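Open the model in your viewer and keep the sequence panel beside it. We will go from one selection to the next.

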Amino acid sequence: MMAEIVMPRLSDTMEEGTILRWLKQDGEEVARGEELVEIETDKATMTYESDQAGVLQTTASEGDTLAVGVVIAHVAQAGAGEAQAPAAGAAQADAGAAEPPLASAAPEREAVAAPDAAPAPPASTGSAPPPDGEADGGRVKASPLARRIASERGVDLQGISGSGPGGRIVKADVLAPSAPPTSAAAAPPGAAAPASGAAGQATALQDVMTAKGETRDVELSRTQQTIARRMAESKATIPDFPLQVEVDMQQCVELRTELKRLSQQRAGGEPGASAQREVPTYNDMVVKASALALREYPRANGSYRDGRLQLHSRVNVGVAVAAEDALLVPTVFDADSKALGEIARETRALAERVRAGTITPPELGGGTFTVSNLGMYGIRSFAAIINPPQAAILSVGSLEMRAVVLGGDIGGGGELAARATMALTLSCDHRILYGADAAQFLARVRELLQTPSALTL
């Protein structure tokens, strides 16, 4: 009896996944609940456990990107008078049956050849090579860009060893000096040698292509592709506008200094790392202030979906964290009801899991608002891109000492003083938040930060 294993849905937004590594190989026994394959989703890399027991026979290779629900392997189960391992013909039939959904779900990936298929006999000298590097025993795995360049340059993909995921041929492999050219005998019948003018144009084009020096193509991971797609959709579809305020953070600085002192006292007077971990950062204070303001201004905590405004009962604040070659946004759930210290411990733990690559999809979902901070890099202010379908995102600039006037009014008076200040920029979806609503929300965040005792309650 043959059982199918399909590409699982590992998150609520997952549409397709990339097979990074098979943890079990063809012909191996796999038990139910045993780790089977590592899959990269749009949010994280996860290990999938087998829901079947028997002898494994994969139909997808490492590096393949397939839609959710597409068959990635079969498991031959003993019993009912059937052998554990299917015959070669049955394996070929199963691979052939799986080929159409593979091609339709992920056109840029190549169908996997049947594991028992015999090698193709050498082509005769006068025959044309199969299109797109296709051999009798299966198709060469290559990216669409690599196939186009190979076709333009007359390079035979059959003789190239791929350096991409799962041995996939990428552009750099085709452009390598060792890439074998297609023989003249393999050219289509009636094709003439290029004229001198065309050859000159090709040479000129080559000079232009190499003017920047050696170029290396880097294929995006599934996470990077998702970020690129969602940010492009956001800028193309959301009528956004920014609002900015400058916040007097002097009382937050004094509060944090006092919290550091108390934390060191509890740690026996040692200013060690464990004591520092208990102290909220200024970004934690912004998260708490935003959460309290979101409770008071529910439209800022809403979403825009299919022409409707959705208002959420929970306040879940996402905190943007820079990971290796990516930007992930783990979520602090119910941030409005959590103490400042609890938010501090949770954001630190989430950031550590992001950088270690152990964050899970549930921890990256469910956000209703996002805070993004580039102040630690010396950025005074910036306007971040809204994370759809959220109504807004708050950008946090650097904390700096600036000269401000205390007291007085527009007519004059007051005195000049050095104060710790910070710029906050709110990027808003105008379909949900109008100017007045957004301004009132941002003013409330500033008020909470300028009198931060409310953040400790």
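## Stop 1: an open sheet

This model is predicted. Begin with the open sheet of 4 strands, whose order is S5-S4-S2-S7 and whose pairing is antiparallel. Which strands stand at the edges? Select strand S5 (45-49) and strand S7 (65-67). Each has a single partner strand, so one side of each is left without a neighbour in the sheet. Now look at the sheet's twist. On average, neighbouring strands are turned by 40° against each other, direction ignored.

Next, select strand S4 (residues 35-40) together with S5. How many bridges pair them? There are 5, in the antiparallel sense. Click on Val37 and find its bridge partner in S5, Tyr48. While you are here, show the side chains. In a regular strand they alternate between the two faces of the sheet.

## Stop 2: strand S8 and its partners

Move to strand S8 (residues 71-76). Is S8 enclosed or open? Of its 6 residues, 6 are buried, so the strand is largely enclosed by the rest of the structure.

Add strand S1 (residues 2-6) to the selection. S1 and S8 run antiparallel and are joined by 5 bridges. Pick Met2: opposite stands Ala76 in S8.

Then add strand S6 (residues 54-58). S6 is also antiparallel to S8, with 4 bridges between them. Stay on Ala76 in S8, which is the bridge partner of Val55. Ala76 thus takes part in two views: opposite Met2, and paired with Val55.

## Stop 3: a pair of rings

The structure holds 1 aromatic pair. Select Phe369 and Phe441. How are their rings arranged? The ring centres are 5.6 Å apart and the planes are at 70°, so the pair is edge-to-face. An angle over 60 degrees is what earns that name.

Zoom out to see where each ring belongs. Phe369 lies in strand S18 (residues 369-373), and Phe441 lies in helix H11 (residues 435-450). The two residues are 72 residues apart, so the pair links distant parts of the chain. Are these rings buried or exposed? Phe369 is buried, at 0% relative accessible area. Phe441 is buried too, with 0% relative accessibility.

## Stop 4: charges over rings

Select Arg256 and Tyr282. The charged end of Arg256 sits over the ring of Tyr282, 5.4 Å from the ring centre. Finish with Arg299 and Tyr434. Here Arg299 lies over the face of Tyr434, 5.6 Å from the centre of the ring.

Definitions and conventions. Residues are numbered from 1 along each chain as its sequence is written. This is a predicted model: local features need pLDDT of at least 70, side-chain atom pairs count only at pLDDT 80 or more; totals for chains, interfaces and linings use all residues. Side-chain values use heavy atoms; hydrogens and water are left out. Rings of Phe, Tyr and Trp (its six-membered ring) pair if their centres lie within 6.5 Å; planes under 30 degrees apart count as stacked, over 60 as edge-to-face and the rest as tilted. Buried means under 20% relative accessible area, exposed over 50%, partly exposed in between (1.4 Å probe, protein chains only). A charge sits over a ring if NZ of Lys or CZ of Arg is within 6 Å of the ring centre and within 35 degrees of the ring normal. Two strands pair if DSSP finds at least two bridges between them. Axes are lines fitted to C-alpha atoms, for helices over the stretch in contact, and angles run from 0 to 180 degrees between N-to-C directions.
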